[in-house]
Amino acid sequence: MGIESEKWILMVTARTPTNIAVIKYWGKRDETLILPINDSISLTLDPTHLSTTTTVSVSPTFHQDRMWLNGKEISLQGGRFQSCLREIRARAQDVQDKKKGIDIKKEDWQKLHLHIASYNNFPTAAGLASSAAGLACLVFSLAKLMNLKEDNSQLSAIARQGSGSACRSLYGGFVKWVMGKEDNGSDSLAVQLADEKHWDELVIIIAVVSARQKETSSTSGMRDTVETSALIQHRAKEVVPKRIVQMEDAIQNRDFPSFARLACTDSNQFHAVCLDTYPPIFYMNDTSHRIISCVEKWNRAEGAPQVAYTFDAGPNAVMIARNRKTAALLLQRLLYNFPPESDTDLGRVNNFI
Ligand code: DP6
């Protein structure tokens with residue numbers, strides 16, 4: 001009797017937080033393998049706030065690979081999902097559970113099918129639905145299910161093929177995605193610079209400026225930038241390598257003024273290369289610009305940075321306060337400058353903070 005006639009089910013559940021880049025990834029040198037044109041650095045959020053929880057299961061009774069996101073079935077046919085599944089299956093090992101009568105041989109994984117259920121603990125409509133947490137969680141949970149021997153850094157190179165920024169979510173704390181040199185991408189992976197306890201005074205506040213889906217996806221936006229911007233090569237070759245070294249030092253020394261200056265200027269430069277793309281890409285809006293002015297004015301008035309800001313491919317502001325006291329003052333300032341409309345449910349708003 002082959003494994004196909006058995007009736008068991010084996011499951012693994014994992015949770016992965018999203019990450020926010022403070023030195024941005026923008027531009028690929030290989031679209032299929034997802035290899036970037038520069039290194040990037042991010043911080044991984046606390047999983048209680050913005051994270052994805054994924055349950056993966058395998059059973060001989062499943063007839064095809066299927067996936068559900070927030071309860072709704074989605075297609076697994078895309079090239080990126082297929083790359084991740086192929087890479088993980090190729091590294092799968094034997095799995096045994098004597099009590100349940102499960103005995104899966106390496107080669108069985110090629111014919112066994114998977115069911116994958118993924119949930120985001122934040123509203124997808126809020127425009128914060130980064131693919132980073134989702135793809136990292138998918139790769140991590142499948143690696144556990146199939147008993148892979150690879151470490152998190154090697155797994156990050158698989159998650160990278162699902163979405164570039166996902167590779168940085170395999171670790172907590174501060175993470176660097178090393179761009180690598182090899183054509184096959186084997187050295188383009190994430191390394192942890194410092195764990196989550198290293199600088200745990202920092203508080204992240206996310207201001208949801210618009211809940212609308214972004215107009216230009218990161219994937220197509222960065223493709224257009226690489227093809228048309230005259231500034232992007234200067235950024236990748238001259239600016240980012242120096243900033244990476246300075247950012248690593250700032251993190252190691254918990255040097256908030258340097259950290260804030262680098263994060264803010266790098267976010268601004270990322271949006272500058274978007275503007276230098278033809279046709280131009282506008283991710284920030286007037287409210288985003290007002291938030292920047294508000295933080296810049298405050299930092300200047302204090303004589304030293306209190307808060308850093310960074311914006312990804314959308315108008316929502318991610319602000320990093322140097323400690324809890326500053327975070328409370330920041331919230332006061334934000335509520336004063338951007339008073340909520342009278343029908344806003346503050347209980348829900350609070351979930352983002
Ligand atoms: C602005 O990782 O979403 O958030 O690799 O094409 O899936 P793909 O792009 P994605 O791009 C993220 C871009 C960014 C900056 C960053 O996270 O470093």
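User: How many residue pairs are in polar contact across the interface of domain 1 and domain 2?
Analyst: This is a predicted model, where local features need pLDDT of at least 70, side-chain atom pairs count only at pLDDT 80 or more, and totals for chains, interfaces and linings use all residues. Residues are numbered from 1 along each chain as its sequence is written, and side-chain values use heavy atoms, with hydrogens and water left out. A polar contact is a pair of N or O atoms within 3.5 Å; within protein, one must be able to donate a hydrogen and the other to accept it, and residues adjacent in sequence count only if both atoms are side-chain atoms. With both residues at pLDDT 80 or more, the rule finds, across the interface of domain 1 and domain 2, nine residue pairs.

User: Which element gives the most to the side of domain 1 that touches domain 2?
Analyst: Strands here are DSSP runs (E, at least two residues) and helices are runs of H or I, at least four residues, numbered from the N terminus. β2 (19-23), β5 (40-44), β12 (174-178) and β13 (189-194) each supply at least two residues of that side. With four residues, the top contributor is β2.

User: Where do the two domains lie in the chain, and how many residues does each bring to the contact?
Analyst: The bounds come from an automatic or database domain assignment. Domain 1 covers 3-194 and domain 2 covers 203-350. Contact means heavy atoms within 4.5 Å. Domain 1 brings 28 residues and domain 2 brings 39.

User: Which three residues supply 30% of the area that domain 1 buries against domain 2?
Analyst: Buried area is the accessible area (1.4 Å probe) that two parts lose on being put together, summed over both. The two domains bury about 2,700 Å² between them, 70% of it on carbon and sulfur atoms. On the domain 1 side, more than any other three residues comes from Ile23, Lys24 and Trp26.

User: What parts does the salt bridge of Asp65 and Arg89 tie together, and how many residues apart are they?
Analyst: A salt bridge is a side-chain nitrogen of Lys or Arg within 4 Å of a carboxyl oxygen of Asp or Glu. In Asp65 and Arg89 the closest N and O atoms are 3.0 Å apart. Asp65 lies in the loop between β6 (51-59) and β7 (66-69) and Arg89 in helix α1 (residues 79-91), so the pair ties together parts whose separation in sequence is 24 residues.

User: Which side chain has an N or O atom 2.6 Å from an oxygen atom of the ligand?
Analyst: Arg80 has a side-chain N or O atom 2.8 Å from a ligand oxygen. For Arg168 the value is also 2.8 Å. The 2.6 Å distance belongs to Tyr25.
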